[in-house]
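Student: I'd love a close look at one part of this protein, the second largest cavity and what surrounds it. Could you walk me through it?

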Amino acid sequence: MITWCMEGPTPVSALIHAATMVTAGVFLISRCSYLFEFSPFTLNIIILIGSATAFFAATTGLFQNDMKRVIAYSTCSQLGYMVFACGLSSYNVGLFHLSNHAFFKALLFLGAGSVIHALADEQDMRKMGGIRRMLPFSYAIMLIGSFALMGFPFLAGFYSKDVILEISYATYTICGHFSYILGTLAAFATAFYSIRLLYLVFLSETNGNKIVIFNAHEGSWRMTLPLFLLCILSIFIGFLSKDFFIGFGTDFWGAALFISPFNYTIADIEFIDIKFKILPLIVTICGASFSFFLYKYFLSQYFLIKSTSTFKIFYNFFNKKWFFDRIYNEFITQKALNSSYNFFYKTVDRGIIEKLGPYGIVNFLTTGVILLKEIQTGFIINYLTFFLGSIILFYIFMLKFSFIIAFYLSLLVCFCWIIEL
């Protein structure tokens, strides 16, 4: 489920992150709902993996400096939300979030492409800043896309993300509440890195090259028109399609999805305590406010904290993806490669298979030919000895089956021997 950042132009990134890459896994899980609904253990595993992915990817995006990487890790985080929604047997809610996510994630990637294009292909946010006056349209669409990603009220992401967290709490299981806690913490991290991106790119003091900043400009109408359409959809699509996807009585899904009546919990979200409903929103606002005030008013203090050795460990841990790649490569991939070389290649491929295969056949035939060559001495006494020995062996071997068969086999041996002489 997990993906790591795929390099490519921003239109390609918009495609794979808004549609194909996300759709594949969530769509497969949803279409297999007829199997998962009869395996509660598997559903719990899906919940744990999805919630852990949402939190893991959100914390990884906190300190990324590449503009596209921040948005890419937000895709992994939102994918975690979709997956644990499916684990909660709310496949329709997961697909609803998938639909909403497609619009604002495509908007964010194409908006990032507009900014990168305007700044001479610069992607490092530390070399940007102060371009909201040169790129007001890009600033507006990135602001709307980021707020939709955060789940700000009345934007597309709010309607699906809020329902996912409410269902996770309304499940009243350990796995459900575990996913609610991690999902809420992931919402805080999402708000933090979204506002961080907006501030470093558009609101902070300019850190870029003077010539690049002075020549920054909006793209042509061919670039701005898709952004405008995605911006409108990122605002209204959640409100317009919520009853269509997850409303009571909707027949949109038909027989495509199956939810066991025992696992149908979307009705229970109406009865949970109001504080647990608004807690994700409060956490989101706190994360956004904390990020803005930290970079706006306390940047010098934050820099001093970042310079400490303790924070560097913390910073590297999250910036290097919890060292997941290093652990995976050293303890799993490298071990697998070493075992493949030492056992499968050297022992099986170059050993057993070749000894029983090509080399084994060649050696067997060579040894057999040498043996037959030694038998062909040209002395009659050797031929008679071999002939009589063969008859005796045939009789010993075949007497337990049938005397007649042994007799005819003996005659066949004698006939063959006479022909050879």
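Tutor: Happy to! Let's start with the make-up of the wall: the lining of the second largest cavity divides into six nonpolar residues, two polar and two charged. Please keep in mind that this is a predicted model. The residues in question are M150, G151, F158, K161, D162, L165, A187, P280, L281 and T284. Together they enclose a space of about 80 Å³, and the cavity belongs to a set of four with 30 Å³ or more.

Which helix gives the largest share of that lining? Helix 7 does, with four residues. Helix 7 (156-170) and helix 11 (274-297) each supply at least two.

Helix 7 deserves a pause of its own. Of its 15 residues, 15 are buried, so each has a relative accessible area under 20%. How far apart are the end C-alpha atoms of helix 7? They are 22 Å apart, which agrees with the 21 Å that its 15 residues should span at 1.5 Å a residue. Helix 7 is followed by Y172, which has a positive phi near 60°.

From there, we can step out to the nonpolar packing. The largest nonpolar core has 93 residues, and those touching the most other members are M67, Y81, V115, I131, M142, L197 and V201. Helix 8 (residues 174-203) gives the most to this core, namely 15 residues. As background, nonpolar side chains tend to be buried together in soluble globular proteins. V115 makes a good example of the contacts: beyond its neighbours within four places in sequence, V115 is in contact with M67, M128, I131, L135, S138, V201 and F202. Among these partners, M67, I131 and V201 are also named with V115 as touching the most other core members.

Finally, two loop residues are worth finding on your screen for their backbone angles. D121 sits in the loop between helix 5 (91-118) and helix 6 (136-150), and its phi is positive, near 65°, though D121 is not a glycine. D121 has a relative accessible area of 62%, so it counts as exposed, the cut-off for that class being over 50%. F323 belongs to the loop between helix 13 (309-319) and helix 14 (324-356). F323, also a residue other than glycine, has a positive phi of about 55°. Its relative accessibility is 30%, so F323 counts as partly exposed.

Terms used: Residues numbered from 1 in each chain as written. Predicted model: local features only at pLDDT ≥ 70, side-chain atom pairs only at ≥ 80, totals over all residues. Heavy atoms only, no water. Core = buried A, V, L, I, M, F, W, Y, C linked by side-chain atoms within 4.5 Å. Buried < 20%, exposed > 50% of the residue type's maximum accessible area, 1.4 Å probe, protein only. Contact = heavy atoms within 4.5 Å. 1 Å grid on protein atoms, 1.4 Å probe; cavity = no way out; pocket = protein on both sides within 12 Å on 5 of 7 lines; lining within 4 Å. Points joined across faces, edges and corners; volume = space filled by probe spheres on them. Nonpolar A, V, L, I, M, F, W, Y, C, P; charged D, E, K, R; others polar. Expected span 1.5 Å × (residues − 1).
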